[in-house]
Amino acid sequence: MAQEATPAEDASADSKKEDEEPTLKPLPCLPSINMYYPDTNVRKETCGNMFYALKWLMFIVSFPFMCLFSWTIPPCNEEHNRKWYLVSFLMSILWIAILSFGMVTLVAKTGCILEVDHYTMGLVVVAVGTSVPDALSSILVARDGFADMAVSNAIGSNVFDINLGLGLPFLIKILIDQGPMQLISDAEMVMLQNGEILITPHAKFGFALLLILFMTLIVFFGVRFRLNKFVGISFVLMYILFMIYAFVQELVCDYDC
């Protein structure tokens, strides 16, 4: 005779069903993907139709990527896929490389269409795209009361980007070419040797970043290393000023300065 489930077991089963995220199965022969159609209940809220349209837009844009990720990366959170953790890691790295290459190519082509220099496009568009995840993680930990973790995340991610994100590709390029790597174009090199430009763009923006770092330390000292609205507004204004400087320089200079 079958044993009846206890109320506690029934409650546990119901909670598991509620915790399970709805999934889609576009093709019956392939695994389901962890996403579902936008919820229509959002239309009942303020500006609900606009949010509902944005959710559908995000759904359409992310759907092909979710299919590719779900069908090529083994989900190691499932017990029977734990042994494939190395495949999951390598496939994730491969997708990051593919998407990064596509993003850089798209930004470069967009810059050519808009007649904006690649350096400025990388400084603005690519930098924002790579820094949004860091910003979101800093916001989440700051809301939980870990302000020091939010600040260290911002500093640590930039240290990683500069030292490893730049250093490793440069090292690979140098080892392949068996020679030093030139960061400026031949035309800029001639102009620099002739004295037509006094400083290269990389050094110029490097000094700008050092100035921003110095101003950041002044702000932190002024508020006794406490995060508040004044710090947030100051940082946003510094970023806006830096973007204005970058675009004004792009409009004024006749070369890649």
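Which residues form one aromatic cluster with W56? The members are Y37, W56, F59 and F63. Before getting to the rings, a word on the model itself.

This is a predicted model, so local features need pLDDT of at least 70 and side-chain atom pairs count only at pLDDT 80 or more, while totals for chains, interfaces and linings use all residues. Numbering starts from 1 along each chain as its sequence is written, and side-chain values use heavy atoms, with hydrogens and water left out.

**The overall picture**

The protein has eight helices and zero strands, counting helices as DSSP runs (H or I) of at least four residues and strands as E runs of at least two, numbered from the N terminus. Of its 257 residues, 18% are buried; buried means under 20% relative accessible area, exposed over 50%, and partly exposed in between, with a 1.4 Å probe and protein chains only. About 19500 Å² is exposed, and carbon and sulfur atoms supply 69% of that (Shrake-Rupley method, 1.4 Å probe). Looking at contacts (heavy atoms within 4.5 Å) with a separation of 6 or more, 40% come from residues 24 or more positions apart.

**The aromatic rings**

Rings of Phe, Tyr and Trp (its six-membered ring) pair if their centres lie within 6.5 Å; planes under 30 degrees apart are stacked, over 60 edge-to-face, and the rest tilted. By this rule there are seven aromatic pairs. Two of them are laid out here:

| Pair | Centre distance | Plane angle | Type |
|---|---|---|---|
| Y37 and F59 | 5.5 Å | 45° | tilted |
| F59 and F63 | 5.8 Å | 35° | tilted |

The Y37 and F59 pair links distant parts of the chain: Y37 sits in the loop between α1 (7-19) and α2, F59 sits in helix α2, and 22 residues separate them. F59 and F63, on the other hand, are four residues apart in helix α2, so about one helical turn lies between them.

How buried or exposed is each of these rings' residues? F59 is buried at 9% relative accessibility. F63 comes out partly exposed at 26%, and Y37 is also partly exposed, with a relative accessible area of 45%.

**Further along α2**

S70 is found in helix α2, which covers residues 48-72. At 19% relative accessibility, S70 counts as buried. A polar atom of the S70 side chain lies 2.8 Å from the backbone oxygen of M66. Leaving out residues up to four places away in sequence, S70 touches S32, I33 and N34.

Methods
Polar contact = N/O pair within 3.5 Å; in protein donor to acceptor, adjacent residues only side chain to side chain.
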